[in-house]
Amino acid sequence: MKRNERNDYNYIRKTVVSDTINVDIPVTYTKEARQAMHDLLTIEKSMHATVIEWNDIRKEYCIGYAPGRRQEQENADIDVIMSGLRKTDYTWNGYKKPEETTTNNNDEKEMEETTMKTTTTNKTGYDVSKLTDAMRIREASGEVTFHAPRGNDKTGIIPCWNLLPVVTCKGLCPGCYALKNAFRCGYDVNKSSVLKAWTDNTILAKTDIEGLYEKLDEYFSSMAAPRYFRIHASGDFFSKAYAYMWFRIAQNHPETRFLAFTKQFDNVRGIPFCKLDNFSLVLSAWPGKPIPEDLTELYSVAWMQDGTEDRIPEKVFECPGNCQTCGACWTLSKEGRDVCFHKH
Ligand code: SF4
């Protein structure tokens with residue numbers, strides 16, 4: 001599948017029963033498709049899946065979860081897996097095994113360790129351990145609440161949804177500008193409205209994904225729903241479950257055009273953002289860092305020219321710097337072009 005292709009696909013009905021998920025596969029799937037389903041369920045590491053029944057009449061799978069798997073992830077994970085199955089006129093048109101990933105970004109401990117590690121490696125001069133401190137302080141206060149998205153200096157009236165940098169993006173960018181914004185009113189989370197909003201929204205995203213979905217669904221259902229929306233001027237898709245929540249939001253709100261840049265390639269892989277006409281997912285390239293080819297076939301790339309980047313295609317769109325009057329990034333993938341930012 002290449003950029004701009006929009007294949008029909010069906011979600012497969014699922015029911016969650018305590019620790020297992022029963023999946024009914026439509027009888028219209030070909031034998032090859034069912035074999036691919038079998039492969040998907042058994043090789044996808046994060047599923048810990050075991051096919052315990054494959055009945056040719058009902059096509060039913062039961063998936064057992066390894067101890068410790070979180071119930072809240074199950075819906076998202078199963079849909080991500082299902083979305084990998086494409087069906088065109090009831091024939092199976094090819095399936096590639098997903099690359100194995102060794103990273104589980106959903107793991108809180110790993111995130112904390114990453115944050116602490118970044119404390120010593122981040123070149124911004126900010127004490128990033130204050131971000132996890134802010135989360136602890138807000139969680140202990142019992143006052144965590146949803147903060148509605150707002151515009152910023154670059155997007156103008158176009159609202160943005162932000163999460164804490166580093167704890168959701170692993171601090172991948174040298175000289176992260178989001179850190180500057182997070183701490184522009186100091187380290188005290190109770191005195192900085194920006195830090196408080198980003199911290200609360202991060203806590204909700206990590207601990208109550210369905211609650212957050214409902215809040216955002218309400219926001220996009222309101223009269224004030226924006227025509228253009230930017231996900232993550234700060235932060236990134238820290239887990240597949242979180243990325244899939246945004247897929248569901250965009251799917252349910254076709255009147256809004258969504259834009260997200262990401263460096264969390266493993267967490268967006270397999271989620272069919274490219275099938276949504278109102279979602280522009282753009283892969284952020286950093287000089288010297290590889291970008292997975294399976295994703296560049298589907299999505300546009302945002303290049304960063306720091307004087308060393310030599311992979312930028314000729315026909316690239318140069319960012320003029322004001323989203324409110326430009327808006328090009330919201331249609332990049334549709335037009336099959338990349339964008340270039342200049343480091344300044
Ligand atoms: S290219 Fe346009 S829409 Fe994209 S970031 Fe730059 S100003 Fe904003």
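**Helix packing, strand pairing and the ligand shell**

Let me start with the helices: the axes of helix α4, residues 129–141, and helix α6, residues 193–207, come within 9 Å and cross at roughly 75°. Please keep in mind throughout that this is a predicted model. Since angles from 65 to 115 degrees count as roughly perpendicular, α4 and α6 are therefore described as roughly perpendicular to each other. On the α4 side, the contact is made by Ala134, Met135, Arg138 and Glu139, while α6 contributes Leu195, Thr199, Asp200, Thr202 and Ile203. If we sort the residues of this contact by class, we find four nonpolar, two polar and three charged.

Turning now to the strands, β9, which covers residues 279–284, pairs with β10, residues 300–305, in the parallel sense and over three bridges. Within that pairing, leucine 283 stands opposite valine 301 of β10. β10 also pairs with strand β12, residues 339–342, again in the parallel sense, here over four bridges, and glutamine 305 has histidine 342 in β12 as its bridge partner.

That leaves the ligand, and the question I would put to the group is this: which residues surround the ligand? The shell consists of Cys319, Pro320, Gly321, Asn322, Cys323, Cys326, Gly327, Ala328, Cys329 and Val339. Val339 also brings us back to the strands, as β12 spans residues 339–342. By class, the residues around the ligand are seven nonpolar and three polar, with no charged residue in the shell, whereas the contact of α4 with α6 includes three charged residues.

How values were computed. Residues are numbered from 1 along each chain as its sequence is written. This is a predicted model: local features need pLDDT of at least 70, side-chain atom pairs count only at pLDDT 80 or more; totals for chains, interfaces and linings use all residues. A residue is near a molecule or strand if its C-beta atom, placed from the backbone, lies within 6 Å of it. Ala, Val, Leu, Ile, Met, Phe, Trp, Tyr, Cys and Pro count as nonpolar, Asp, Glu, Lys and Arg as charged, and the others, Gly among them, as polar. Two strands pair if DSSP finds at least two bridges between them. Helices (H or I, at least four residues) and strands (E, at least two) are DSSP runs, numbered from the N terminus. Axes are lines fitted to C-alpha atoms, for helices over the stretch in contact, and angles run from 0 to 180 degrees between N-to-C directions. Angles under 35 degrees count as roughly parallel, over 145 as roughly antiparallel, 65 to 115 as roughly perpendicular and the rest as oblique. Two residues are in contact if their C-beta atoms, placed from the backbone, lie within 7 Å.
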